[in-house]
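Trainee: I should like to learn how to read the nonpolar interior and a helix packed against it. Please take me through an example.

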Amino acid sequence: MTRRAVVVGVGHYLPERIVPNSEFEETLDTSDEWIRARSGIERRHFAAEGETTSDMGAAAARNALKDAGLNAEDIDAVIVATSTADLTFPSAATMIQSELGMTSGFAFDVQAVCAGFAYALANANALILSDQAKRVLVIGAETFSRIMDWTDRSTCVLFGDGAGALVLEAQEGAGTSDDRGILSTDLNSDGRYKDLLYVDGGVSTQSTGYLRMQGNQVFRHAVEKLAATAEKALEKAGLTSDDVDWIVPHQANIRIIQGTAKKMGLPMEKVVVTVQDHGNTSAASIPLALSVGKERGQIKPGDLIVTEAIGGGLAWGAVVLRW
Ligand code: ACO
């Protein structure tokens with residue numbers, strides 16, 4: 001028998017306020033048409049004043065726990081993927097732990113920007129396989145609206161706020177790729193590209209800063225690196241693209257999503273797409289897409305899923321799992 005980290009619950013939370021592309025036309029030299037054509041984004045949600053990353057993460061976590069039929073005290077560890085935690089410290093994860101009423105177990109944040117959820121899943125998988133935790137709540141939560149330069153049309157129209165969560169549980173499998181749960185992970189980063197996508201502030205520079213991106217340069221790296229990491233993860237699991245039921249990609253840009261699927265030889269019918277409704281929610285985008293994909297009736301038990309993401313760092317990675 002082989003231990004596996006199996007998804008037993010999924011949930012998400014989106015802030016109430018929906019902002020259509022047309023709203024940016026009032027203050028910027030941009031258009032709904034440009035944003036749709038270049039990114040595939042039609043609308044995004046923005047957090048309300050005072051609504052924080054940990055508030056949204058906790059709401060998503062409650063929905064995932066409900067879906068799993070579990071209570072917060074059943075969880076051993078909480079991992080939050082975020083680049084927009086409420087405070088410099090403590091972590092968003094410990095805040096969510098407290099909001100859920102958990103007084104045992106452990107909690108920590110993972111910061112790998114848009115690739116954060118792949119990194120968090122890989123960490124949760126390692127904790128479960130090494131018997132340090134039996135049930136792990138893995139959350140992606142972001143308030144990127146708080147690091148937007150609202151005068152920069154090349155970035156502020158692309159991002160949104162939200163949160164998604166999975167409950168992973170240790171279960172015994174046969175040790176084959178037919179097992180449910182995480183089958184493989186592949187993580188990468190290359191700090192030589194740090195200037196392509198960054199926030200120009202932080203604690204040691206004594207400012208919050210704004211997101212800066214050379215979008216077309218990131219784009220150049222994205223399709224090639226995403227297809228390569230997805231294929232590497234599939235290979236590690238002893239599988240190929242032909243075995244994939246769903247690609248659940250990081251939702252940054254529809255053209256990157258289409259390009260990656262094409263490079264992997266898969267049709268768009270096998271891709272869960274939410275970018276039109278959420279924009280780029282960074283580390284929240286994959287768990288949001290998994291939750292919405294399940295709600296829509298796309299993702300079903302037993303389906304073979306590959307998730308892939310790239311973001312600031314550059315950092316990128318993929319996870320193969322059977323739902
Ligand atoms: N409205 C109108 N025109 C615009 C806008 C806008 N909102 N934004 C930029 N433009 C203009 C530019 O100024 C430029 O004009 P110019 O030719 O006169 O100089 C023109 O449009 C083309 O700009 P490009 O940047 O070359 O456009 P591109 O087709 O590359 O699309 C985009 C831009 C959507 C940002 C795309 O490059 C992209 O999606 N990049 C990747 C983003 C990504 O994946 N990020 C990673 C994850 S994010 C994270 O980790 C936090």
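Mentor: We shall discuss the core and then one helix. This is a predicted model, in which local features need pLDDT of at least 70 and side-chain atom pairs count only at pLDDT 80 or more, while totals for chains, interfaces and linings use all residues. Residues are numbered from 1 along each chain as its sequence is written, and side-chain values use heavy atoms, with hydrogens and water left out.

Trainee: Which residues touch the most other members of the largest nonpolar core?

Mentor: A nonpolar core is a set of buried Ala, Val, Leu, Ile, Met, Phe, Trp, Tyr and Cys residues joined through side-chain atoms within 4.5 Å. Buried means under 20% relative accessible area, exposed over 50%, partly exposed in between (1.4 Å probe, protein chains only). Here the core has 47 residues, and Ile-247, Met-264 and Val-320 touch the most other members. Domain 1 (2–173) and domain 2 (181–322), with bounds from an automatic or database domain assignment, both contribute residues, so this core lies between them.

Trainee: Which residues of H8 are buried?

Mentor: Helices (H or I, at least four residues) and strands (E, at least two) are DSSP runs, numbered from the N terminus. In H8, the buried residues are Ile-254, Ile-256, Ile-257, Thr-260 and Ala-261. They lie on the same side of H8 because their arc, taken from the directions from the helix axis to the C-beta atoms, spans only 165 degrees. On the other side of H8, Lys-262 and Lys-263 are exposed.

Trainee: What phi does Gly-265 take, just after H8?

Mentor: Gly-265 has a positive phi of about 75 degrees.
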